[in-house]
Amino acid sequence: MTNKYLYFVANWKMYGDLKTLNSLDKIIKFSKIIKQKRFKLIYCPPSTLIRPLSKRLKKTKIEVGAQNAHESENYGAFTGQINSKMLKNVGARYVILGHSENRQLGEDNKKINLKIKSALKAGLKIIYCIGETLKEKRNKKTNQVLSSQIKIGLKTIRNKSNIIIAYEPVWSIGTGLIPKTNDLIKSILFIKNKLGKKPSKILYGGSVNGDNIKKLKKINIIDGFLVGGASQDPKKFIDIIKKTIN
Ligand code: PGA
């Protein structure tokens, strides 16, 4: 995996406060000494930490992303919501959209499509999460699910150069389970095929850790990893990065 651009995206979910940011000193130091030049390190903290984190990371190669955004391009009467324009304004360069934890709260592909378009307009890069549930997998619906997530989620978006796909089987998120290598290759190839001639970067996400990374890194059609739980501990996250690039 070492000859191409590798992505390591940290999804902090609803964890972290101002004090947590101190733990990033280790990763900042690491990012400066890392020999592999072709890597992208992106931290997606809760929205409350985007501003302080982006300030802290100013002189580093590490970029900041958000974990979701409202679909409206404009400001409006949406209590509790934040749109992409606002996220960009406080330092986000990326936004995770379509994460299964938000799909479970009722987001569907149509809504995610609006979110993606709005975020692109605001100038953010997208990390678009797709993946099947365990039930869908058991019913052999994986391809069908991925297909509609791509078709509807990316509808009318012709230029996909600012969209990164994160394939995250729902049943692998936070469970310690990862797909069998063959199944993972099949899904990634299926996604690539659906995306057409200019395929986006495709990351894998779901229980990535210091042990299974050795197996995952061998799949050279993967462009990097979206890491949840293990990214909250800088030591564990550095371990994953080191094992991938070495
Ligand atoms: P996990 O989360 O690494 O804790 O499984 C991944 C994600 O939800 O993006």
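A polar contact is a pair of N or O atoms within 3.5 Å; within protein, one must be able to donate a hydrogen and the other to accept it, and residues adjacent in sequence count only if both atoms are side-chain atoms. His-99 offers one example: an N or O atom of its side chain is 2.7 Å from an oxygen atom of the ligand. This is a predicted model, where local features need pLDDT of at least 70, side-chain atom pairs count only at pLDDT 80 or more, and totals for chains, interfaces and linings use all residues. Residues are numbered from 1 along each chain as its sequence is written, and side-chain values use heavy atoms, without hydrogens and water.

**Ligand site**

- The ligand has 13 residues around it, each with a heavy atom within 4 Å.
- Lys-13, His-99, Glu-168, Gly-174 and Ser-207 come nearest.
- The shell holds three nonpolar, eight polar and two charged residues. Ala, Val, Leu, Ile, Met, Phe, Trp, Tyr, Cys and Pro count as nonpolar, Asp, Glu, Lys and Arg as charged, and the others, Gly among them, as polar.
- Lys-13 has a polar side-chain atom 2.7 Å from a ligand oxygen.
- In the side chain of Glu-168, an N or O atom is 2.7 Å from an oxygen atom of the ligand.
- The protein covers 95% of the 280 Å² of accessible area that the ligand has on its own (Shrake-Rupley method, 1.4 Å probe).

**Helix packing**

- Helix H5 (residues 109–122) crosses helix H7 (residues 142–153) at roughly 45°, and their axes come within 8 Å. Axes are lines fitted to C-alpha atoms over the stretch in contact, with angles from 0 to 180 degrees between N-to-C directions. Helices are DSSP runs (H or I, at least four residues), numbered from the N terminus.
- That angle makes H5 oblique to H7.
- Helix H1 (residues 25–33) packs against helix H10 (residues 234–245) at about 20°, with the axes 9 Å apart.
- H1 and H10 are therefore roughly parallel. Angles under 35 degrees count as roughly parallel, over 145 as roughly antiparallel, 65 to 115 as roughly perpendicular and the rest as oblique.

Definitions and conventions:
Helix = DSSP H or I, 4+ residues; strand = E, 2+ residues; numbered from the N terminus.
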